[in-house]
Each structure stands twice: as C-alpha cells, then as structure tokens.
Amino acid sequence: MKRSIASYVVIAMLAIFGIGGITGGAVAVSMVNSNLKEQGITFGQDTKWAGQEVTNGWDAYHFQGVIKGHVAAALKPAGFSTYEQVSAAARASVTDATPAGDPKLQGLRRTALDGELLRGTLFSSFAWWMVGWVGIGAGAAFLLLAVCAFFIARRNNTLYFPASDTTRETVSV
C-alpha cells in the first residue's frame with residue numbers, strides 16, 4: 001500500500017533523532033575519553049586498579065572514589081570528615097597574632113579542597129560519559145523505531161485479524 005506524507009515525515013523524524021542521538025553521544029564519549037587520556041592519570045598502587053590509566057568515564061568514576069578515600073584518610077586523624085569542617089577550623093585559626101592561621105589546618109584545608117575539586121571534575125567526566133552512552137542508546141532506539149515504522153507503514157490498513165471476504169453480512173432494512 002502507498003505511504004502517506006505523514007508516514008514519511010514520522011519515519012524521517014525518527015531517523016533524524018536516531019542519527020542525532022548516536023552522533024551526539026559518540027562525540028560526548030569520545031571527548032571525555034580523549035580528555036581523560038590527555039591527563040595521563042594512573043591509579044596508585046593502593047587500589048585494585050593499580051597501574052591502570054584513567055581512559056574513560058567509568059575509570060574516572062572509580063578514581064574519584066579513590067580520591068574520596070584519600071581525602072577522608074587525610075582529614076580523619078585531625079578529627080574532620082568534610083572540607084567544610086576543616087575550612088571552618090582553618091578560618092577560625094586566623095588571628096592577629098597568626099594572620100596566616102595554623103599551617104597544619106591550612107594544609108589540610110588545601111588538601112581537602114584540591115581533592116574535592118578533582119572529585120567533582122572526575123565525576124562530571126563520568127556523568128557526561130554516561131550522557132553520551134544514553135544518547136547512543138536512545139539514538140539506536142529511534143533508528144529501530146524508524147525501521148519498524150517504515151515496514152508498518154507499508155502494510156494494509158487492517159492490522160489485526162481482518163475479516164475474510166466470505167464472512168461479510170448483508171444488512172437489510
């Protein structure tokens with residue numbers, strides 16, 4: 001059966017969304033992977049990924065978890081568990097007598113700040129890497145819908161259990 005203009009428009013839109021999703025997702029994944037590779041980040045010997053380079057979003061997710069553990073380990077002996085706690089203590093240590101504050105607290109504050117900034121950046125890399133993969137998956141689904149719509153639009157208008165010519169009844173009034 002001949003397809004309508006609306007069928008062509010729907011099929012074209014599904015195909016465009018599919019190609020766009022796959023292309024956009026591939027660009028996002030590729031950009032995250034190449035930027036992480038450029039950084040040359042390698043897991044330390046204290047992890048189960050020892051010596052492995054961070055090359056994709058999943059690795060970035062694991063590495064930010066390692067950094068979280070390192071920051072916690074650095075703050076725990078001083079009785080802190082978050083950047084905000086150590087930062088407040090470091091600010092409180094600034095007095096007229098010690099305008100730079102307590103050097104140990106200032107160092108811990110800097111360690112926590114650097115660690116949290118790195119974690120945030122790596123977690124953002126992971127998030128955009130996942131967005132890319134979701135885009136690729138959604139694009140593939142749209143392309144599959146376009147193919148299904150292409151074949152369904154060719155079919156006859158009666159899709160479910162059409163009555164045969166012999167079962168038609170005549171109605172008389």
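Biologist: Is Phe43 buried or exposed, and what holds for Phe63?
Modeller: This is a predicted model, in which local features need pLDDT of at least 70, side-chain atom pairs count only at pLDDT 80 or more, and totals for chains, interfaces and linings use all residues. Residues are numbered from 1 along each chain as its sequence is written, and side-chain values use heavy atoms, with hydrogens and water left out. Buried means under 20% relative accessible area, exposed over 50%, and partly exposed in between (1.4 Å probe, protein chains only). Under these cut-offs, Phe43 and Phe63 are both buried.

Biologist: How many helices and strands does the protein have?
Modeller: Helices (H or I, at least four residues) and strands (E, at least two) are DSSP runs, numbered from the N terminus. The elements run α-α-α-α from that end. The secondary structure thus amounts to 4 helices and 0 strands.

Biologist: Of the contacts in the protein between residues at least 6 apart in sequence, what share joins residues at least 24 apart?
Modeller: Buried residues account for 27% of the 173 residues in the protein. A contact means heavy atoms within 4.5 Å. For contacts between residues at least 6 apart, the share joining residues at least 24 apart is 59%.

Biologist: Which kind of ring pair do Phe43 and Phe63 form?
Modeller: Rings of Phe, Tyr and Trp (its six-membered ring) pair if their centres lie within 6.5 Å; planes under 30 degrees apart count as stacked, over 60 as edge-to-face and the rest as tilted. This rule gives 11 aromatic pairs. For Phe43 and Phe63 the ring centres are 5.1 Å apart and the planes stand at 70°, so the pair is edge-to-face.

Biologist: How far apart in sequence are the parts that Phe43 and Phe63 tie together?
Modeller: Phe43 belongs to the loop between helix 1 (5-39) and helix 2, whereas Phe63 belongs to helix 2. The pair therefore ties together parts whose separation in sequence is 20 residues.

Biologist: How many residues separate Tyr61 from Phe123, whose rings also pair?
Modeller: The ring centres of Tyr61 and Phe123 are 6.1 Å apart and their planes are at 50°, so the pair is tilted. Tyr61 lies in helix 2 and Phe123 in helix 4 (residues 103-154), so placed that the pair links distant parts of the chain, with a separation of 62 residues.

Biologist: Which residues do ring pairs link into a cluster with Tyr61 and Phe123?
Modeller: Tyr61 is partly exposed at 32% relative accessibility. Phe123 is likewise partly exposed, with a relative accessible area of 40%. Ring pairs link these two into a cluster with Trp58, Phe126, Trp129 and Trp133.

Biologist: Which side chain of opposite charge is nearest to Asp59, and how far away is it?
Modeller: Asp59 is placed in helix 2 (residues 57-75), and its side chain makes a polar contact with that of Gln52 at 3.1 Å. A polar contact is a pair of N or O atoms within 3.5 Å; within protein, one must be able to donate a hydrogen and the other to accept it, and residues adjacent in sequence count only if both atoms are side-chain atoms. Lys and Arg count as positive and Asp and Glu as negative, while His and the chain ends are not counted. Asp59 is buried without a salt bridge, and its nearest side chain of opposite charge is Lys37, at 8.9 Å.

Biologist: What relative accessible area does Arg119 have?
Modeller: A salt bridge is a side-chain nitrogen of Lys or Arg within 4 Å of a carboxyl oxygen of Asp or Glu, and the protein has 3 of them. Arg119 meets Glu116 in one of these, at 3.1 Å, N to O. Both residues lie in helix 4, 3 residues apart, about one turn of the helix. Glu116 is partly exposed at 32%, whereas Arg119 is buried, with a relative accessible area of 19%.

Biologist: Which residue forms a salt bridge with Asp114?
Modeller: Asp114 is partly exposed, with a relative accessible area of 31%. The closest N and O atoms of the salt bridge are 3.0 Å apart. The partner is 4 residues away in helix 4, about one helical turn; that partner is Arg110.

Biologist: What distance does helix 1 reach from its first C-alpha to its last?
Modeller: The expected span of a helix is 1.5 Å times one less than its number of residues. Helix 1 has 35 residues, and its reach is close to the expected 51 Å. The buried residues of helix 1 are covered by elements including helix 2 and helix 4. From first C-alpha to last, helix 1 reaches 51 Å.
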